[in-house]
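Dear colleague,

I am passing on the structure we spoke of, and I would be glad if you could look through it alongside the notes below.

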Amino acid sequence: MSESEEISEFGYIMELLARGKVTIKNIERELICPACKELFTHPLILPCQHSICHKCVKELLLTHDDSFNDVGSDNSNQSSPRLRLPSPSMDKIDRISRPGWKRGSLTPRTTTFPCPGCEHDVDLGERGINGLFRNFTLETIVERYRQAARAATAIMCDLCKPPPQESTKSCMDCSASYCNECFKIYHPWGTVKAQHEYVGPTTNFRPKILMCPEHETERINMYCELCRRPVCHLCKLGGNHSNHRVTTMSSAYKTLKEKLSKDIDYLIGKESQVKSQISELNLLMKETECNGERAKEEAVTHFEKLFEVLEERKSSVLKAIDASKKLRLDKFQTQVEEYQGLLENSGLVGYAQEVLKETDQSCFVQTAKQLHLRIQKATESLKSFRPAAQTSFEDYVVNTSKQTELLGELSFFSSGIDVPEINEEQSRVYNNALINWYHPEKDKADSYVLEYRKINRDEEMLSWNEIEVCGTSKVISDLESNCNYAFRVRAYKGSICSPCSRELTLHTPPAPVFSFLFDEKCGYNNEHLLLNLKRDRVESRAGFNLLLSAERVQVGYYTSLDYIIGDVGITKGKHFWAFRVEPYSYLVKVGVASSDKLQEWLRSPRDAVSPRYEQDSGHDSGSEDACFDSSQPFTLVTIGMKKFFIPKSATSANEPENRVLPMPTSIGIFLDYDKGRVAFYDMDHMKCLYERQVDCSHTMYPAFALMGSGGIQLEEPITAKYLEYQEHM
């Protein structure tokens with residue numbers, strides 16, 4: 001296709017826009033910034049190829065920079081092991097506009113933020129905003145839209161004397177608009193100004209040349225096919241694109257314009273198909289609305305039946321309470337009347353006083369005998385007073401706990417949808433909770449609802465939290481430490497819901513997860529230990545030096561332990577981390593150690609030492625246990641041959657009966673720096689296996705030691721593993 005043909009084809013497409021077959025108003029949503037929801041102003045192209053206003057990028061960076069500093073200050077105030085220095089006071093906008101921070105800077109600032117268009121994290125790199133291209137094409141289209149939207153408002157001449165005339169053209173070099181007369185005056189023929197570039201009336205005087213953001217004085221003249229972005233010749237010669245395949249700008253222009261033209265032609269050719277599909281969608285919307293109203297009426301009918309049953313039960317219960325209340329009040333009233341008769345000048349007492357006035361002895365005896373019995377009976381009732389009825393209505397308290405739970409689980413009829421089941425083997429909790437489930441009718445379910453709630457220590461159940469999930473796995477964050485959580489899931493197909501799955505209970509770690517990697521610089525023995533590139537796995541390999549050391553075993557010496565520590569220390573707070581020890585490991589020691597103890601270990605290594613020299617060497621000798629110090633600056637437990645060995649302590653009152661346990665699949669360590677306590681956990685059941693005091697007067701580090709063949713793998717945070725899994729999906 002020749003260049004003239006390409007121009008004519010592209011012109012045809014633009015002509016369709018001008019005719020109104022594809023009206024410019026229809027593309028308004030393409031011209032609105034996803035951040036500020038207004039028309040683009042100086043749009044920049046992000047690495048994810050979405051555009052955003054220049055001012056919006058600054059605001060997003062400022063927002064995330066503030067949140068970064070806030071999080072840092074919160075962490076430092078609570079339990080952060082890292083020392084954070086306060087940021088120097090300076091104008092934030094100037095900091096954002098300048099190129100990125102240097103590698104050794106003490107005040108690193110955030111250059112990563114989620115794109116408002118795709119919600120993926122965007123990293124601007126060290127140059128920050130200065131490394132982004134302006135989207136001149138989008139800027140031109142926005143300006144064209146503005147002109148079409150305000151066609152009634154004319155752009156006036158900038159050079160006319162009052163009153164100004166309506167302008168007919170704008171000069172891009174002079175950045176001004178002119179009427180015909182003023183343009184002739186200020187751009188006379190035969191002068192340099194006559195060669196200026198002029199366009200129709202506009203208020204957008206953008207630069208004519210696209211400059212390289214990496215090399216500000218160089219013009220863009222090439223296109224990197226690998227990075228899919230324009231570059232200059234310096235970028236290709238010695239910059240970041242030196243080894244990339246590039247093409248000329250004209251070639252890239254022709255290729256991309258041809259692709260875009262074909263795409264637009266295809267869409268325009270499918271106009272009738274799109275219209276028919278829109279009509280079908282409108283019918284589906286009406287049908288959905290009718291079906292939704294019908295479903296609401298049916299639901300209201302069912303609830304009205306429930307209301308009728310509840311009203312009937314309510315009426316019968318209230319009648320029973322009223323009848324019991326009336327009967328009790330009558331008994332109390334009778335008892336009150338009886339006691340009223342015992343008062344002076346009334347009732348029995350008054351009658352007895354009148355009888356005492358009788359002088360005839362025979363008549364008095366005849367009457368007083370029965371009266372004496374009545375008074376004696378009344379006197380006994382005074383000595384042992386008992387109310388005639390009970391005031392409590394405990395027998396009439398309505399227990400609605402079961403009914404309330406059933407009503408809370410009220411949902412649509414399952415109609416045969418199978419119940420999803422939570423996969424206990426793939427569901428686990430670490431820094432977050434990862435819940436996996438499987439469903440026999442996975443392809444038939446539209447979505448799932450994952451429910452979870454915390455279980456208090458007194459077994460009190462709180463209300464369920466619900467999360468709608470499209471897949472069959474979900475990560476739950478913001479869970480409290482050292483708590484039991486119950487999880488369950490149900491499937492939805494349209495308005496039909498399946499019953500809930502069997503509940504899974506998981507126990508969260510006793511403290512926030514401490515993030516670190518193995519340190520390859522501090523005391524790392526690369527002759528005996530092999531560290532992977534991620535620095536989250538270390539193996540002990542048998543080499544020539546290890547074989548020579550093993551020869552000393554025959555003469556009563558043992559090979560030394562090869563230590564490796566974490567690259568981050570702990571100075572306060574509570575922390576938890578977990579790892580796996582390979583089943584084939586011969587001898588592995590894990591725990592914590594203080595900085596002063598590490599200096600002793602790593603600066604004065606011993607090639608051959610007695611097992612009794614180191615009091616926690618892992619060998620089951622009586623002497624090392626007898627001289628155990630409960631406040632020593634390190635704690636290492638021994639793991640090997642698929643066993644977990646609990647050290648013996650002379651000062652411990654609660655000595656476990658069995659000091660040799662099966663090795664857990666995953667082992668967790670909990671360090672309470674402030675209280676000087678360290679504990680070792682079985683991660684499968686979050687059960688504490690061993691706990692003791694440790695001296696935390698110095699910085700504490702996660703410490704590991706290996707002898708013979710063995711391997712240690714740090715537990716990967718659930719969030720990172722889940723995101724990686726989602727990318728593969």
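The notes that follow deal with the nonpolar cores, a surface patch and the salt bridges.

Please keep in mind throughout that this is a predicted model. The largest nonpolar core has 48 residues, and those with the most contacts inside it are Trp-577, Phe-579 and Phe-704. Strand β25, which spans residues 574-581, gives the most to this core, with 5 residues, and at least three residues are drawn from each of domain 3 (421-508) and domain 4 (529-552 + 559-604 + 631-649 + 657-727). Leaving aside neighbours within four places in sequence, Trp-577 is in contact with a set of residues that includes Tyr-430, Phe-514, Ile-667, Pro-702 and Phe-704. A second, separate core of 20 residues has Leu-31, Phe-40, Leu-60 and Leu-124 among its members.

On the surface, Phe-303, Leu-306, Phe-307, Leu-310, Leu-407 and Leu-410 form a nonpolar patch with about 570 Å² of accessible area together, to which helix α8 (residues 271-340) gives the most, with 4 residues.

The count of salt bridges comes to 19. In one of them, the side chains of Glu-271 and Lys-275 meet at 3.4 Å, N to O; these two residues are 4 apart in helix α8 and are therefore separated by about one helical turn. Asp-330 and Lys-326, also 4 residues apart in helix α8, form a salt bridge with their closest N and O atoms 3.4 Å apart; Asp-330 is partly exposed, at 39% relative accessible area, whereas Lys-326 is exposed, at 53%. Finally, salt bridges that share partners join Glu-451, Glu-466, Arg-488, Arg-490 and Glu-503 into one network.

With best wishes

How values were computed:
Residues are numbered from 1 along each chain as its sequence is written. This is a predicted model: local features need pLDDT of at least 70, side-chain atom pairs count only at pLDDT 80 or more; totals for chains, interfaces and linings use all residues. Side-chain values use heavy atoms; hydrogens and water are left out. A nonpolar core is a set of buried Ala, Val, Leu, Ile, Met, Phe, Trp, Tyr and Cys residues joined through side-chain atoms within 4.5 Å. Buried means under 20% relative accessible area, exposed over 50%, partly exposed in between (1.4 Å probe, protein chains only). Domain bounds come from an automatic or database domain assignment. Contact means heavy atoms within 4.5 Å. Patches are made of residues with over 30% relative accessible area and no salt bridge: like charges are joined within 9 Å, nonpolar side chains (Val, Leu, Ile, Met, Phe, Trp, Tyr) within 5 Å. Accessible areas come from the Shrake-Rupley method with a 1.4 Å probe; for residues, only the protein chains shown count as cover. A salt bridge is a side-chain nitrogen of Lys or Arg within 4 Å of a carboxyl oxygen of Asp or Glu.
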